[in-house]
Amino acid sequence: MRGNSSATSGAITGNTLLLNDSWLRSEHYGLNRMADDFPRLPQAELADALASNAVLQQFARPAAQTLAEKIADKQSVVVLSDASGLILNTVGDMRALQKAQRFALAPGNLWSECGRGTNAIGTALAIDDGCEILAHQHYLTSNQGLYCAAMTLQTPNGQVAGVLDISGPAHYPHPHTLAWVKAAAQQIEYLWLKQSLRPDQWLMSLHAQAEGVDSTAEMLLVFSDNVLMAANRLAMSELQLSADRFGTLTFQQLFPHSEQRASGVPQPILTHHQQRYFFCLRAPARTHFAVTPAPERPCSLPVDATKLVRLLNAGVSLCIHGETGSGKEYVSRALYQQSRWREGKFVAINCAAIPEPLIESELFGYQPGAFTGANRQGYIGKIREADGGVLFLDEIGDMPLALQTRLLRVLQEKEVAPLGSSRSWPVNFAVICATHRDLNQRVAAGEFREDLLYRLQEFALTLPPLREWPSLPAFILQLWQELGGVARGIQLAPALLQTLANHGWPGNVRELRSLLKVLLALADDGEVLGCEALPEKYQPEPAPSRAALYQHDERVIAATLERYNGNVSKAAQALGVARSTLYRRAAREKR
């Protein structure tokens, strides 16, 4: 590094901690700093990767082309990778690069930290932020003739989709390159979110200054009805939002002092943290839709989904019995998503979890001032929210007897009157209820209305406990995908998948889902998880003690070797590292 310019020294000073951490990780991977025999993904597998990242490429292509024109005089290229660091596209004049650099930056090469040590693409993915790596800051000597600046790209639902990078000869000055990459990434994410907006969704724009609204520097929030469904990176950072809040956080929770009303002129607003911004709010273009065929999706359920969807489409009420946590709500949501009711909402209410005095107002809604402590704006209630969709009544056996009469009347007359109102509103929805109780016994004991049971249990089914589900490994993989594991390139090794399938699961689907969320939260993007990733109670045998530092990195390599039955060549290709790296690591462990 001594031979580089003062700009290099400034970069080193600003990135000292980042570089130290990255180099420590690189050393722990056992990488050979002199390695240059890196495998490339076979053409067929690259084609699959390109196909699965088609949307990312669509939104990144215009910005990448603009960047390439801006840096043409620096003999540099613009690189787009997926979330694992696999290069998908390279834009610019590759002929200006050295032969080795042209090969290394071509599509099909993997630039993860695990495979190539400290580099802008891999390190940006490791920290989920922008970074620049100059010359000797690269871990591998073969990359030390390069300057690279990279920024991760985020999907509208908050997941890492890939990386935008500029790479070129290190001897050219790059005072603004990282800023250009970050601005381009911001533009890509901005357009991606705006063009992903559905006609039935609200779009909110926020900025600290009124003139900043309706610019690429604005924060964007997307709401379905009043529920937050997506946001750009600026909004997530500024409002301290995490992706796991999407689908649960409401407009009122974010902005408790304001009403959700359309506004085309910037207006002041306060967040729940008392932050002050200016906003515009665009109302949905449409609120009613024609029914279209349900998209095909894998469905590993322990029931005949086709028959149940036909019943649901016909308006037949379903009653699902099963152990606590056995997946009654999960199955119900899966049926809803495949039914004609999917254009409406899936509205769930747990009859056992809400205090008895509040169930009536939750279900039927109330007028302003209907009772002490009521919201001054009133509330339409779960039944009206479910109009056009599915009302899911969990633990229906615990509904108070007095409310059962009102519910029966709503189901028979298809009308609902809020508390404190003399007016009724027509409603049309499908009903799915669930319980772990014996409803016939509840009827015999006088605790459940027999006529309501007949109305709710037009078709009854019993879910087996999770341990008895057929094709349990397939269901685990499906749940892993739904939780976002596949989008982040995180794999469950065969041994881990089999261990999960063999577990007894006393807590059923709820327990499995909680465990997978823990694994996902602790895993790095692109990681292959082995049995050692499991908490101790789930491991097939006591886990050996090992140093906490970089424990996940050891698992990546060990699990990949296990996946390929010890075949070093195939494991090295999957990891994007040289075969010699794994041979040296094995030799070091034998000493």
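**Notes on a predicted model: helix packing and selected residues**

1. Helix H15 covers residues 401-413, and its length can be checked by simple arithmetic. At 1.5 Å a residue, its 13 residues should span 18 Å, and the end C-alpha atoms lie 19 Å apart, so the expected and modelled spans agree. The model is a predicted one, and this check concerns the geometry of the model alone.

2. H15 has a set of buried residues: Leu 403, Gln 404, Arg 406, Leu 407, Leu 408, Val 410 and Leu 411. Gln 404 and Arg 406 are worth marking on the structure, since a student may look for leucines and pass over these two; both are among the buried residues of H15. Just after the helix comes Lys 414, with a positive phi near 55°.

3. Before H15, the loop that joins strand E13 (390-394) to this helix contains Glu 395. Glu 395 is not a glycine, yet its phi is positive, near 50°. Most residues other than glycine have a negative phi. Is Glu 395 buried or exposed? Glu 395 has a relative accessible area of 10% and is therefore buried, as the cut-off for that class is under 20%.

4. Gln 240 also has a positive phi without being a glycine, with a value of about 55°. The residue sits in the loop between helix H9 (233-238) and helix H10 (251-254). Its relative accessible area is 60%, so Gln 240 is exposed, the cut-off being over 50%. Set beside each other, Glu 395 is buried, whereas Gln 240 is exposed.

5. For the chain in general, the secondary structure comes to 23 helices and 19 strands. The protein chain has 591 residues, and buried residues make up 50% of them. Among contacts between residues at least 6 apart in sequence, 64% join residues at least 24 apart.

6. The next points concern pairs of helices. H18 (residues 472-483) packs against H20 (residues 508-522) at an angle of about 55°, and the two axes are 10 Å apart. That angle makes H18 oblique to H20. The crossing of H18 past H20 is right-handed. On the H18 side the contact uses Phe 475, Ile 476, Leu 479, Trp 480 and Leu 483, and these meet Val 509, Leu 512, Arg 513, Leu 516, Lys 517, Leu 519 and Leu 520 in H20. Sorted by class, this contact of H18 with H20 has 10 nonpolar residues, no polar ones and 2 charged ones.

7. H18 has a further partner in H19 (residues 494-502). Their packing angle is about 110°, with the axes 9 Å apart. H18 is therefore roughly perpendicular to H19. This crossing, too, is right-handed. Which residues make the contact? From H18 they are Leu 472, Pro 473, Ile 476 and Leu 477, and from H19 they are Leu 497, Leu 500 and Ala 501. The contact of H18 with H19 has 7 nonpolar residues, with no polar and no charged ones. Ile 476 of H18 takes part in the contact with H20 and in the contact with H19.

8. H11 (residues 305-313) and H12 (residues 328-338) pack at about 70°, and their axes are 9 Å apart. This makes H11 roughly perpendicular to H12. H11 passes H12 in a right-handed crossing. Ala 305, Leu 308, Val 309 and Leu 312 in H11 meet Leu 335, Tyr 336 and Gln 338 in H12. By class, the contact of H11 with H12 has 6 nonpolar residues, 1 polar residue and no charged residues.

9. Ser 167 belongs to strand E5 (residues 160-169). Its relative accessibility is 2%, so Ser 167 counts as buried. Apart from residues up to four places away in sequence, Ser 167 touches Ser 76, Val 77, Leu 105, Tyr 147 and Cys 148. Ser 167 and Ile 121 are 46 residues apart in sequence, and their C-alpha atoms are 9.8 Å apart in space.

10. His 257 is placed in the loop between H10 and strand E9 (263-270). With 53% relative accessibility, His 257 counts as exposed. Leaving aside neighbours within four places in sequence, His 257 is in contact with Leu 270, Thr 271 and Gln 274. His 272 is 15 residues from His 257 along the chain, and 8.1 Å separates their C-alpha atoms.

How values were computed. Residues are numbered from 1 along each chain as its sequence is written. This is a predicted model: local features need pLDDT of at least 70, side-chain atom pairs count only at pLDDT 80 or more; totals for chains, interfaces and linings use all residues. Side-chain values use heavy atoms; hydrogens and water are left out. Axes are lines fitted to C-alpha atoms, for helices over the stretch in contact, and angles run from 0 to 180 degrees between N-to-C directions. Helices (H or I, at least four residues) and strands (E, at least two) are DSSP runs, numbered from the N terminus. Angles under 35 degrees count as roughly parallel, over 145 as roughly antiparallel, 65 to 115 as roughly perpendicular and the rest as oblique. A crossing is left-handed if the near helix is turned anticlockwise from the far one by less than a right angle, and right-handed if clockwise. Contact means heavy atoms within 4.5 Å. Ala, Val, Leu, Ile, Met, Phe, Trp, Tyr, Cys and Pro count as nonpolar, Asp, Glu, Lys and Arg as charged, and the others, Gly among them, as polar. The expected span of a helix is 1.5 Å times one less than its number of residues. Buried means under 20% relative accessible area, exposed over 50%, partly exposed in between (1.4 Å probe, protein chains only).
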